[in-house]
Amino acid sequence: MTAPLQTQEQPLRVTEIFHSIQGESTYAGQPCVFVRLTGCPLRCTWCDTEYSFYGGTTFSIDEILSTIRAYGCQLVEVTGGEPLAQPAALPLIARLCDAGYTVLIETSGAIDVQPVDRRAKLILDVKCPGSGMTDRMHWPNLDYLTAKDEAKFVLASREDYEWARGMVAQYRLADRCPVLFSPVFGSLDLRALAEWILADRLSVRFQLQMHKYIWAPDMRGV
Ligand SMILES: C[S@@+](CC[C@H](N)C(=O)[O-])C[C@H]1O[C@@H](n2cnc3c(N)ncnc32)[C@H](O)[C@@H]1O
Ligand SMILES: Nc1nc2[nH]cc(C(=O)O)c2c(=O)[nH]1
Ligand code: SF4
Ligand SMILES: [Mg+2]
C-alpha cells in the first residue's frame, strides 16, 4: 500500500493547453499559454466554456511545465473551468512562479484565493446577478485583491451594470486594482455599455474578448 500522494504530487485534470493571444484583462493582445483545467462547481448562465466541465486528461505538474516550456512564451494563464477547484492547482501555480513565468489566474471569485501564491496575478470574476451565481461568491476575496490583480464584471444587462457600479463603489475596487467591465459576448449592446461608463465617469476598463473577434466566438483552443 503506497502512501497517498501529497497535494504537490497529485496530477491535474486538464482540458487543453494552448498558445494564443490573451483576449482578456490588461494583458490582452499579448501572446500567452493557457492551461485550461477541467471542472467547475459553478454554472454561470452565459458560460462559454461548458466543454471544460467534464472529461479532460490527467497531467502531472511536470508534464504541464514541460508542455508550457515548449511554447517559449513568458506569459501563462491558468484558467478553466474553475482552476482553483483542483487542490493541486496551488502547487502548479507555485511551480510556474518558481520557473519565472508571469502567471495569471482566471478565477470565479467563488473559492478563497488566499492560498494562491502571491506572485501570481488574480483576474477575479465578480459574478453579477445575470450569471445566476452571485450567491456563490466568496466575498472576502474582494478585500484581498491588490494592485497586481484585476477585478472583472461580466455584464448581461443594464441591471448587471448598475449592480457592478455599486460593487465597485462599495469595495472601492478602482482604488485597489484595475476593474474590467466585460459584456456577455453577443448579448449586451457595446455602444450602450461604453456610453454608460462615460456618462457615469467610472474608472473602469471596457473590455472585449479579443480572441472571439480574431478567430470565432465558439472556437476551442484559442
Ligand atoms: C471560462 S471562465 C474560466 C475561469 C473562471 N471559472 C471564471 O469564471 O473566471 C473565464 C472567463 O471567461 C469569461 N466568460 C465566460 N463566458 C463568457 C461570455 N459568454 N461572455 C463574456 N465573457 C465570458 C468570464 O469573464 C470568465 O471569467
Ligand atoms: N485567447 C483567450 N484569452 C482568454 N483569456 C481568458 C480566457 C479564459 O477562457 O479564461 C481566454 C480564452 O479562452 N482565450
Ligand atoms: S465559473 Fe467560470 S467556468 Fe465556471 S461556469 Fe462560470 S464562467 Fe464558466
Ligand atoms: Mg475563454
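# Three ligands and their shells

Reader: How do the residues of the shell around ligand 2 divide into nonpolar, polar and charged?
Author: The shell around ligand 2 has three nonpolar, five polar and four charged residues. Gly counts as polar and Cys as nonpolar, while the charged class is Asp, Glu, Lys and Arg. This is a predicted model, in which local features need pLDDT of at least 70 and side-chain atom pairs pLDDT 80 or more, while totals for chains, interfaces and linings use all residues. Residues are numbered from 1 along each chain as its sequence is written, chains are lettered from A and ligands numbered from 1 in the order written, and side-chain values use heavy atoms, without hydrogens or water. In the order nonpolar, polar and charged, the division is three, five and four.

Reader: Which residue of those around ligand 2 puts a side-chain N or O atom 2.6 Å from an oxygen atom of the ligand?
Author: The shell (a heavy atom within 4 Å) includes Ser 20, Gln 22, Glu 24, Phe 34, Arg 36, Glu 77, Thr 79, Glu 106 and His 211. Ile 21 has a polar backbone atom 2.8 Å from a nitrogen atom of ligand 2, and a backbone N or O atom of Val 222 is likewise 2.8 Å from a nitrogen atom of the ligand. The side-chain contact at 2.6 Å (polar pairs are N or O atoms within 3.5 Å) is made by Thr 79.

Reader: How much of ligand 2 does the protein bury?
Author: Taken alone, ligand 2 exposes 320 Å² (Shrake-Rupley, 1.4 Å probe). Of that area the protein buries 93%.

Reader: Which elements give two or more residues to the shell around ligand 2?
Author: Elements are DSSP runs numbered from the N terminus (strands at least two residues, helices at least four). Those that give two or more residues to this shell are strand E1 (12-21), strand E2 (31-37) and strand E4 (75-79).

Reader: Among the 20 residues around ligand 1, which come nearest?
Author: By class, the shell around ligand 1 holds six nonpolar, seven polar and seven charged residues. The nearest of the 20 are Trp 46, Gly 81, Lys 127, Lys 152 and Phe 185.

Reader: Which residue lies 3.2 Å from an oxygen atom of ligand 1 through a backbone N or O atom?
Author: Two side chains approach nitrogen atoms of ligand 1: an N or O atom of Glu 82 is 3.3 Å away, and a polar atom of Gln 209 is 3.2 Å away. The backbone contact to an oxygen atom at 3.2 Å comes from Thr 107.

Reader: Which elements give two or more residues to the shell around ligand 1?
Author: Taken alone, ligand 1 exposes 540 Å², and the protein buries 93% of that. Its shell draws two or more residues from each of strand E5 (102-107) and strand E7 (150-155).

Reader: Which cysteines does UniProt place in the feature "binding site"?
Author: The residues around ligand 3 include Leu 42, Arg 43, Trp 46, Phe 53, Ser 108 and Lys 127, along with Cys 40, Cys 44 and Cys 47. By class, this shell has six nonpolar, two polar and two charged residues. Cys 44 lies in the loop between E2 and strand E3 (57-59). The UniProt "binding site" (unreviewed entry; annotations may be inferred rather than shown by experiment) is at Cys 40, Cys 44 and Cys 47.

Reader: How far apart are the end C-alpha atoms of residues 27-217?
Author: UniProt gives residues 27-217 the feature "domain: Radical SAM core", again from an unreviewed entry. The span is 29% helix and 21% strand, and its end C-alpha atoms are separated by 19 Å.

Notes: A polar contact is a pair of N or O atoms within 3.5 Å; within protein, one must be able to donate a hydrogen and the other to accept it, and residues adjacent in sequence count only if both atoms are side-chain atoms.
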